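Me: Hey, can you walk me through a protein model? I'm new to this, so plain words please.

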Amino acid sequence: MTKETLTLNDALQAYVVANGSAPDDVVRDLIEETARVLPADAGMQIAREQAAFMTLLTRIHGARNALEIGTFTGLSSIAIARGLSDGGRLTCLDVSEEFTAIARRYWARAGLADRIELRIGPAAETLAALPGEPHLDLAFIDADKTGYLGYWEALVPRMLPGGLILVDNVLRHGHIVDPMPGDAGTVAMVEFNRRVLADPRVESVLLPIADGLTIARVL
Ligand SMILES: C[S@@+](CC[C@H](N)C(=O)[O-])C[C@H]1O[C@@H](n2cnc3c(N)ncnc32)[C@H](O)[C@@H]1O
């Protein structure tokens, strides 16, 4: 018997996915359409079990004012928005009108359009224009990896005490422990993970779900 996290083979991975709450038609159709319409980019979408986890976490946390950096076609935003408390709001940041046009359709279909606001533009600029004082209780970072440190520094002062920052792709498909030369995204993530660990303003855990998800709680 070991206390270490299991390495999942295909059968175990399928078992994990099959034994969480099943995605509804909206999520199933969104995953299918993204794969069909954007085959080269569909790998950017979060995993369906991660989406279910993020809805549960958002709900348990009682989040009311959330922000997402990196929306793509909308799966993570739907996951967060579905977990918000009554009257809760999610602000989504992305640079792409093309990707987020798909997200907008699915927000409407899921009945979530009235609680999500989309801001198009480089996230660093959109973040800088937000109120500087603490007002967010949940944030999710899932955009350009070399931007993560800047997003982190912009987010932490804007988080309410006890607020959660979720960070995607922190394992970089395993390359985090042995970055390939020239892989700027992974090199940036090594430094990002080091800085989060050393940041006295948060307590954090790195979970091996999907491509790795850090959950940091602002003290
Ligand atoms: C990994 S995808 C996000 C996946 C999404 N969270 C999901 O669940 O489907 C990254 C997104 O970040 C956006 N992006 C890349 N660089 C950006 C930047 N500088 N500012 C804002 N968004 C950016 C891309 O357009 C893309 O939609």
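Reply: Sure, let's start with the whole protein and then go to single residues. This is a predicted model, so local features need pLDDT of at least 70, side-chain atom pairs count only at pLDDT 80 or more, and totals for chains, interfaces and linings use all residues. Residues are numbered from 1 along each chain as its sequence is written, and side-chain values use heavy atoms, with hydrogens and water left out.

Me: Cool. How many helices and strands are there?
Reply: The protein has 8 helices and 7 strands. Helices (H or I, at least four residues) and strands (E, at least two) are DSSP runs, numbered from the N terminus.

Me: What does the radius of gyration say?
Reply: A compact globule of 219 residues would have a value near 17 Å, and the protein has 17 Å, which agrees. That radius is taken over C-alpha atoms, and the globule rule is 2.2 Å times the number of residues to the power 0.38. The C-alpha trace spans about 45 × 40 × 35 Å along its principal axes.

Me: And what share of the residues is buried?
Reply: Buried residues make up 47% of the 219. Buried means under 20% relative accessible area, exposed over 50%, and partly exposed in between (1.4 Å probe, protein chains only).

Me: Is helix H4 mostly covered or mostly open?
Reply: Mostly covered: 8 of the 9 residues in H4 (residues 75–83) are buried. Among them are Leu-75, Ile-78 and Ile-80.

Me: New topic. Which residues touch the most others in the largest nonpolar core?
Reply: Leu-90 and Leu-166, out of 35 residues in that core. Another core lies apart from it, with 26 residues, including Leu-127 and Met-189. A nonpolar core is a set of buried Ala, Val, Leu, Ile, Met, Phe, Trp, Tyr and Cys residues joined through side-chain atoms within 4.5 Å.

Me: What's Leu-166 in contact with?
Reply: Leaving aside neighbours within four places in sequence, Leu-166 is in contact with residues including Met-54, Phe-140 and Thr-214. Contact means heavy atoms within 4.5 Å.

Me: Where does Thr-214 sit?
Reply: Thr-214 is in strand S7 (residues 213–218). Thr-214 counts as buried because its relative accessible area is 5%. Again leaving aside neighbours within four places in sequence, its contacts include Ile-165, Val-196 and Leu-206.

Me: Last one: is Leu-12 buried or partly exposed?
Reply: Partly exposed, because its relative accessibility is 31%. Leu-12 lies in helix H1 (residues 10–18).
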